[in-house]
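What follows is a walk through one chain, from its interior outwards to its surface and loops. Please keep the sequence and the coordinates in view while reading.

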Amino acid sequence: MNRMTPGSKAPNFDAQLQDGSTWSLENQRPKHFTMLVIFRHGNCGVCQQYLKQLDGLIGQFSNAGVEVLAASVDNADAVGKMIKRLSLMNLRFACDVPLDMAQQWGLFVSAKRKEAEPDQFFEPALFLIDPSGVLYYASIQSMPFGRSSPSEILQWIPKLIDNAIPARGEVKV
């Protein structure tokens, strides 16, 4: 498993969005950050709750200069059904994300244990990437639990920016 270093160039990430358009990290130019939210799959109850919270705060993230993309291995049909079932209105979703992204981004991968799960899927992660494509923050989980809440992230984004806090974790030992 690769471990990215904050302050270094983030790996490439190109994706097919649920609406059929394409998205590329290298083309993003947010005011402050691109926030890449990796979720397990649309049938994960913890992920559903997280995505609903995040969806309700997209306007506030945008106002804070943060563009958000949620991504998983789910196909476009599964993501579309989840969007409808959860009444998600604001989030953009990348689908059919290949499992080899796990190696590039340092993600944990789990195997299916329940019928409703994909055969293999990513465990949650959250990344903040600055406008120049440099990794600023990484939070990578091995379970669906323990994520910072979207409202908590919104509270510390302005502090990071206002205090010009540099990326941390940059020392290699």
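Which residues does Leu126 touch, not counting residues up to four places away in sequence? The model is a predicted one, and in it Leu126 touches Met35, Leu36, Val37, Tyr50, Tyr137, Ala138, Ser139 and Ile153. Leu126 itself is part of strand β8. Its relative accessibility is 6%, and because buried means under 20%, Leu126 counts as buried. One of its partners, Ala138, is twelve residues away in sequence, and the C-alpha atoms of Leu126 and Ala138 are 5.9 Å apart.

Met35 gives a second view of this region. Leaving aside neighbours within four places in sequence, Met35 is in contact with Leu54, Phe61, Val66, Glu67, Val68, Leu69, Leu126, Phe127, Leu128 and Ile153. Met35 is also one of the five residues, with Leu54, Phe61, Val68 and Phe93, that touch the most other members of the largest nonpolar core, a set of 33 residues. Two or more residues of this core come from each of β3 (33-38), α1 (45-56), α2 (58-63), β4 (66-71), α3 (76-86), β5 (93-95), β8 (125-129) and α5 (150-162). Helix α5 gives the largest share, five residues. There is also a second, separate core; it has 24 residues, among them Met4, Ala71, Phe127 and Leu135.

Next come the enclosed spaces. The structure holds one cavity of 30 Å³ or more, and the volume of the largest cavity is about 80 Å³. Its lining consists of Val37, Ile38, Tyr50, Pro124, Ala125, Leu126, Tyr137, Ser139, Gln141, Arg147, Ser148 and Ile153. The elements that give two or more residues to this lining are β3, β8 and β9. By class, eight of the lining residues are nonpolar, three are polar and one is charged. Leu126 is thus met again here, as a lining residue of the largest cavity.

Gln141 is another residue of that lining. It is found in the loop between β9 (135-140) and α5. Is Gln141 buried or exposed? With a relative accessibility of 10%, Gln141 counts as buried. The side chain of Gln141 makes a polar contact with the side chain of Ser139, at 2.8 Å, and Ser139 also lines the largest cavity. Not counting residues up to four places away in sequence, Gln141 touches Phe108, Glu123, Pro124, Ala125, Gly146 and Arg147.

The largest pocket holds about 160 Å³ of space. Arg40, Ser110, Ala111, Arg113, Lys114, Glu117, Phe121, Glu123, Ser142, Met143 and Pro144 line this pocket. Five of these lining residues are charged, four are nonpolar and two are polar. Glu123, one of the residues in contact with Gln141, is part of the pocket lining.

Helix α3, which contributes to the largest core, also contains Arg85. This residue counts as partly exposed, at 45% relative accessibility. Beyond four places in sequence, Arg85 touches Gly42, Asn43 and Gln48. The side chain of Arg85 reaches the backbone oxygen of Gly42 at 2.9 Å. As a gauge of distance across the model, the C-alpha atoms of Arg85 and Lys159, 74 residues apart along the chain, are separated by 35 Å.

Arg3 offers another case of separation along the chain. Arg3 and Gly106 are 103 residues apart along the chain, yet their C-alpha atoms are separated by 5.3 Å. Arg3 is found in the segment before β1 (14-17). With a relative accessible area of 70%, Arg3 is exposed.

Two loops remain, and their backbone angles deserve a check. Most residues other than glycine have a negative phi. Ser87, however, has a positive phi of about 55°. Ser87 is found in the loop between α3 and β5, where its relative accessibility of 51% counts as exposed. Asp96 also has a positive phi, near 55°. It is placed in the loop between β5 and α4 (101-105), and with a relative accessible area of 46%, Asp96 is partly exposed.

Definitions and conventions: Residues are numbered from 1 along each chain as its sequence is written. Side-chain values use heavy atoms; hydrogens and water are left out. A nonpolar core is a set of buried Ala, Val, Leu, Ile, Met, Phe, Trp, Tyr and Cys residues joined through side-chain atoms within 4.5 Å. Buried means under 20% relative accessible area, exposed over 50%, partly exposed in between (1.4 Å probe, protein chains only). Helices (H or I, at least four residues) and strands (E, at least two) are DSSP runs, numbered from the N terminus. Contact means heavy atoms within 4.5 Å. On a 1 Å grid over the protein atoms alone, a cavity is a set of points where a 1.4 Å probe fits but cannot get out, and a pocket is an open set with protein on both sides within 12 Å along at least five of seven lines; lining residues have an atom within 4 Å of a point. Grid points are joined across faces, edges and corners, and a volume is the space filled by probe spheres set on the points. Ala, Val, Leu, Ile, Met, Phe, Trp, Tyr, Cys and Pro count as nonpolar, Asp, Glu, Lys and Arg as charged, and the others, Gly among them, as polar. A polar contact is a pair of N or O atoms within 3.5 Å; within protein, one must be able to donate a hydrogen and the other to accept it, and residues adjacent in sequence count only if both atoms are side-chain atoms.
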